[in-house]
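Open the model in your viewer and keep the selection box handy. We will go from stop to stop.

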Amino acid sequence: MESTATMEGMGDGDPPVHHNLGGNRNKGTQLQTLLEDLGLKQHYTEKLTLSKILQIDLKAITDEPVKCNSDLPWYFLKKLMMVNVTARNLQSELESSNDGATETNEFDFSNLSDITDSGDMVNPLDVITALFLCSDGFVQQEMALKMSMCQFSVPLLLPGCDTDQCKLMLWAMRDIVKTYRPQSLLQSKGFTEERIVLSEIPMLSFVRLGECSMSKSEILNKLLSNSEEYHDYFVHHDMKCGDTPRRISNGLTEITWYLPSGKKNIDIFSEPLAVANLRGDIASFETQFSFLCQTSAAVFVFFDNLDPECKLLTNLHHKTQMFLVGNQQSKSFSMDALKTVATKLELSKVNIITKTKQKNYADFVQGLRKKVNDVIENTKEKMCIEKMADIAHDLGILVDEDCPECQTAKENADAITSKIQNTVDYKATQLPLHGEIWKELTILEKEEFRLKNLGSKDIETYKAGLQKKKEKLRKKQSSENMSDAMTCFIKAISSPGLERRYFLKWMRMNLDNLSREKLSGLRKKYKEKCKDAKNKEAIRVIDKELSNSSLGTEHFFREMGQIYEASVSLPEHDLSRKQLQHLPKICAGLLLDGFPLELVDGDASNIPLTWVSDVLSQLNEQVSPKNKILVVTVLGVQSTGKSTLLNTMFGVQFAVSTGRCTRGAFMLLIRINEDAKKVLNCDFMVIIDTEGLKSAELAQLDDSHEHDNELATLVVGLSDITIINIAMENSTQMKDILQIVVHAFLRMKEVGKKPKCQFVHQNVSDVSANENTLRERNLLLDQLNEMTQAAAKMEKKEKNKCFTDVMEYNPDTGNWYIPGLWNGNPPMAPVNAGYSEAVYQFKKNITQILGNCESSANDILKFKGWMSSLWRAVKHENFIFSFRNSLVAEAYMKLCTEFNKWEWDFKESIYKWITNAETTISNLGTPASKSKIVDLKELILSLKSEVATKLMELEKVHLEKLNNYFEQKEGHVHLVERYKEEFANSARSLRRDMQNSVYSQLTAAAEIKQGQTEVQKIKENHTKEIERAVCALIDECRKKNMQMGDEELNQEFGKMWKETVKKLSFSKQKPTNVFTSVSLYLRINLTHKGGHASELLSQRRLQDCGKTSFKYKAKGKLERAQKQASNWLPIQDPTIRIQNIADNIIAECIQYVKEKGKTDAPEADAKKTKNYSDAYIQEILRIIDERLQKHEDVTVDIEFEVSLKQHICGIAARNFQKMHEDFLKENDPHLCLNKNKEMFCDTFKDVFNQRDQSQKKAEEFTKQCLKPAVEKFVYSKLGPAIISEMRKQSQFNARVYSQYEILLDLLSKHSFTEYVRYIRSYEGYVKEWILDQTVEHLSKDSKMFDLVDPHLDSSIRSIKAAIHKATKKTSNDLKTFINNFCQELGDTLVISQDKLGDVMMLNKANQVQFAHWFTQFVNKMEDALRQEFKRRDIQTILNHLDVNPQNELFTKVIGCGKQCPFCAMACVCGAGDHAVHEASLHRPQGLNRYRWINTQKLVTDICSSSVVSDNLFSCDATKGEWIPYKKYTDIFPDWKIPPDGSYQASDYWKYVMATFNEEFAEEHGAKPADIPTTWKDITRLQAEQSLNVSFNIN
Ligand SMILES: Nc1nc2c(ncn2[C@@H]2O[C@H](COP(=O)(O)OP(=O)(O)OP(=O)(O)O)[C@@H](O)[C@H]2O)c(=O)[nH]1
Ligand SMILES: [Mg+2]
Ligand SMILES: [Zn+2]
Ligand SMILES: [Zn+2]
């Protein structure tokens, strides 16, 4: 045997030289230096805690090599917490890193001695001992547990290094539970599951006396190992650094257990035994030796050289079986001495074992085994470790459980658990709230969401009834006095930190002990039965029994949650409510201590939302601002090692067991250390362990399919990464659970959450078989794709074709293969090193992914929000349509607000451009024209191409802004990612719409300019004629050379005027017939609508249309609807809807006509009518078409369309005709000329008398030309300015806010008529509301004038600048001066050329003088204008703006203009084009005229409830058929009507309906509704609050 050689001459791992260092005197300093060396010094006083060692730091997620001794403890802990059996191989790491260092410096041998010098090395036992010395009880417990899983020996007696006392590690071992099958259970195939410190099994101790050349520990390892599976239970000299001298661990007594599996061929011993191993010489550790002698069934003393006088052995008081084990091969061995001692001890030959030359180690060990077997078969000395504490106390050995915190905690826990006789009874009496009542509440809650048993009852009344029942149950809960158990429990967990932790551990252990026996049997049975789904009934029974008989701390916490929830339902000032308010805080503290919180109660299948939310809020408060989290979840079939996986990954302690174990879902916090925050970008990692999913066959039994689905959806929704645990040989089982998981992912995608997933395949031994796994991966992907399609079909989201559509998943990197957990056969098998290693790699990978991912619920509060939203949606059947998340809503609103801004930026710059373009058009051909182009057509073309380019650029900018927005990290943009395309489309269509509108405006401007130019030419000619005549007259009068008085001059002028005018030819402009033109365009518009349309068109003359109000004739529609309805179904008159649509379109068109017909400026003296342009009627027809298209759900027949268009066109044509005629009249050359007669006469007189005209002309010019131009300028700027101003107001930030404000406003008005107006004609109401808001806002603090002033100012400034420049340039000629002046102003002001011509006639004014006066008059005008604007009525101003603010704001507020097909609430979606419409708040349909046919009573049903029920509806869109509400998307695929999030969600409308029930009935000609009782209790405040909730405004 190879190892034999090395064993010779070694003493229990110690070179003899160091032997005596174990002396106690040195120990204090030895310890000091070692702890310093290991970097643990500080922790000797300040013990390591679990939360410290479990936190994620850089070391835990990187493979940084061990660099120095102070890394060793952490390295050991990291590996141990991941149950890695290589944890004790410490120095191999250190060496290899040192090797690396020497390699780089080959010739430097100075280091060499350092490396080989064992002085630098640390014995693993020293590291372990040091760690135990530096840890608190909970870390010790965890270490012992993990060590025993690795089948490492664990400390039984820990040397107390600075004192002489050692310590019995009872508490540390408390958590170790072992399962084995002793001989007695061989037949029954039963097994024993026991807390090892309570097991009564014989202990055999192995000690050394003096020096020994045999390695005791290695012999023990061999003794306990199977021949095929050798395992190092004890550290021995031949292990890495095992031969390094021990510095503090002498006196350490370790223990390990041998437990039989019940398999004859494997078991070495058929009964269980414990093996204790004392390190060091018993001569130095007498106390420990006595302890072992008194507790063991036998003591084996190893020696080389026996002192015949050995007092140590001979003076023993306690008679234990003693075996002397010597090595005859040792030189110091003396047979005589052995004989002497044996005789003194009265030992028989049996008790002497020697190793001879003839016996090799295998034989020797075999012999030893036989002795051991004899002992355990015959001994009566069986003592459990708990009992050993008494002996320890007698010997002055400390016991770790003796600390007062632990003792008090134990007493408290025992006080509770000692009363438990029968679990079922106990739960019923001591924990009553969370049992049946909570389950009933859960059922009621779900029914409220699902309305399964509604039958033919009235929905809202039914819901009110459920609400009442819930209240009753809550009352019942809070009326119960708190049980003794709960009082004690709450008191105990309110105690300070350490005691509390001890208490909970005691509770957990006590409760485990109580239920273990029963449960482990049941679990085993359950697992067995599960193998065959035929045992359905049996499985169900066992499952029920399992849940009944389990009683853990989670039940106490559950009860606490219910106590709290019940108290919250009490009135705010209630005393008992106040007394319980601190409970969430306690629980938050526990979470921070590392205790799990139950999220989902697996028995009731429900989340106590109030409780959990409040705990999370408290938690947030306690850690803020360090409240960022990342969430990891695991999902998989039952008992596939999910909890084990998480425990291994994170060192935590989720409950692990065979059989059904985890119920519901638990969450746990893990701190992230500062150094790892750079990698992970969060403060905590939240880990969620879940109940195993059942296979489909099992699931059928008890509706647990639903439960599984709910659970999976919730946890997937909560997590940033989901681990899908697969450990199945059976592929159908795998399919079942994948199906559930795929559903969950699909739903998340639809609600805007993108969790990542990783598949973990367990029990895959041959990882290297890559080809095999590749095939498997592809197979998996195929299956996933298939399931995605199926799931997508079920959820009606067919566009998802493959798994990768649903989520980010890469088959190459998303699969992990993990070998089996155990290396060998339990219970003696250690954890497989491969398992731990693979899990570690996986953990690294997960942290890496998490580091790169942008979390969607990145802080505790958001997590809480998601949880509530998800759970509410889960409670509905149709998850996707029920999902309403405030985070998403918030993110969406933010996006809308931003988008609105960009949209306005876009529009504003276009409006500016148009104003300029119109100025350019108007100025064409005048001195003011700056354009090189003189041809109007050419100008229009060039403007069009200019604006097209500009629009493209703006669109690009707009889209860039959108992209940038989605690239930023804040604002949860990824939640609204799916809306991005909608918004992008909206930006594009805005560009198209604007282009259309701008083109049409340019065309209109051009047509008007054309008309003006003609008129102007005529007028110009006439003026010239008159001027010539006047000049002639002056000459004539001068020739007469006589004084002429005013009277005579007037007479002369009058004569001349008459004659000249008579000579002039006034070709009177004939008005065009607008009707003809409009008719033509209407016909063109309707050509593609077919022959019937044109036939209808021909039936009526346009002139006759639009004279009376439009009435929609519903050819028998109502009758049809009534006939089809059975008696109990509600109906609404379909004609009303259509009439409403028509009314709105008509109103809009009339508004447009009015706007076109308005005069430029409100002042009478500057009044100017615009001419009609064909562009107007084209625009109107476009508007009608667009609006009609919006209501595609209403089938409008061709008769309706034609008559509506005729009606509108009739009205428009009549107005336009008048407008056109007015324009002609106003511009009639004869009339115009006569208007100026007086002015010409005055000028004539002035010239004749050679009076200076400059003052008069300057005044005229200012008044006639400049003032209107300035006014027009201001008006053109004012529109956009007002819009900008109003958009700053919160109610116009986004559509949602407007709707919210409107409803709030209505509530404060508390007026029935207002409500009726709002409901009847929503659009009209909104328009007026906007106007009111605008006027109100602008009236405040002369806001309007503040907006006017800067523009007035800027125009005056440019006028003055122009005067200045013109003065400089000009010669003596006034005309040139004026021309120059106009040119300077060319791109800002439009100076009317005909007026200018009039003023300039016979103008002989002095240019310098003129300029002087001119400046003065401009100043005067400025003052005058200021005064006027201040005086002017805001409403009048609004009516005369180029860009109408109300219209712009209206389009913003009204949005897509769609209304809920049932209750007519308006859509709130933000983008212009969106695929799905959604209203924030639905209302009782009775408000929208729905009534029951038989009773004529108004209907109280609310759409958001109806869509859950089995009720039917019928309307125009269903073509009279009755369709279940649940399938409303079949009829209205573009509507999303999420069910109510809570019963209170629609309180607003319930309040309104309850308040005005009678009035509405009368208004709608129906009978008042039966108002559900709870509605009447709703207060105005509650109504207001419900608005806040529904609109997500806080
Ligand atoms: N043989 C073997 N057993 C394992 C493996 N992983 C876990 N186990 C054992 O399987 C049992 C169940 O493990 P758990 O971690 O409780 O499984 P779970 O998936 O959390 O179970 P539930 O919560 O009940 O669904 C435990 O006894 C584990 O020790 C493995 O890879 N191989
Ligand atoms: Mg589990
Ligand atoms: Zn509705
Ligand atoms: Zn919409």
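Which residue stands opposite F684 in β15? Select R671: it is the one that stands opposite F684.

Some ground rules for this predicted model: local features need pLDDT of at least 70, side-chain atom pairs count only at pLDDT 80 or more, and totals for chains, interfaces and linings use all residues. Residues are numbered from 1 along each chain as its sequence is written, chains are lettered from A and ligands numbered from 1 in the order in which they are written, and side-chain values use heavy atoms, with hydrogens and water left out.

**Stop 1: the strands**

Select β14, residues 665–671. Helices (H or I, at least four residues) and strands (E, at least two) are DSSP runs, numbered from the N terminus. Six of the seven residues in β14 are buried (under 20% relative accessible area; exposed is over 50%, partly exposed in between; 1.4 Å probe, protein chains only). Now add β15, residues 684–690. β14 and β15 run antiparallel, joined by seven bridges. Two strands pair if DSSP finds at least two bridges between them. Next add β12, residues 597–600. β12 pairs with β14 over three bridges, also in the antiparallel sense. Look for M667 in β14, with L597 opposite.

**Stop 2: the magnesium ion**

Select ligand 2, a magnesium ion. S643 (OG) and T662 (OG1) coordinate the ion at 1.9 to 2.0 Å. Donors are N, O and S atoms within 2.8 Å of the metal (3.2 Å for Na, K and Ca); water is not among the atoms, so sites may look incomplete. S643 lies in helix α29 (residues 642–650) and T662 in the loop between α29 and β14, so the pair ties together parts 19 residues apart in sequence. Both S643 and T662 are buried.

**Stop 3: the zinc ion**

Jump to ligand 4, a zinc ion. Show C1456 (SG), C1467 (SG), H1474 (NE2) and H1477 (ND1), which coordinate the zinc at 2.0 to 2.2 Å. The donor spacing along the chain is C-x10-C-x6-H-x2-H. The site is tetrahedral, with angles of 96 to 123° among the four donor atoms (all angles must lie between 85 and 135 degrees). C1456 and C1467 are buried.

**Stop 4: a helix with two sides**

Finish at α44, residues 1091–1099. Which of its residues are buried? Colour A1093, L1096 and L1097. They fall within an arc of 105° seen down the axis, so they line one face of the helix (the arc is that of the directions from the helix axis to the C-beta atoms). These buried residues pack against α43 (1074–1086) and α48 (1198–1226), where contact means heavy atoms within 4.5 Å. On the other side, G1091, S1098 and Q1099 are exposed.

Conventions. Tetrahedral: all angles 85-135°; square planar, octahedral: opposite > 155°, others 65-115°.
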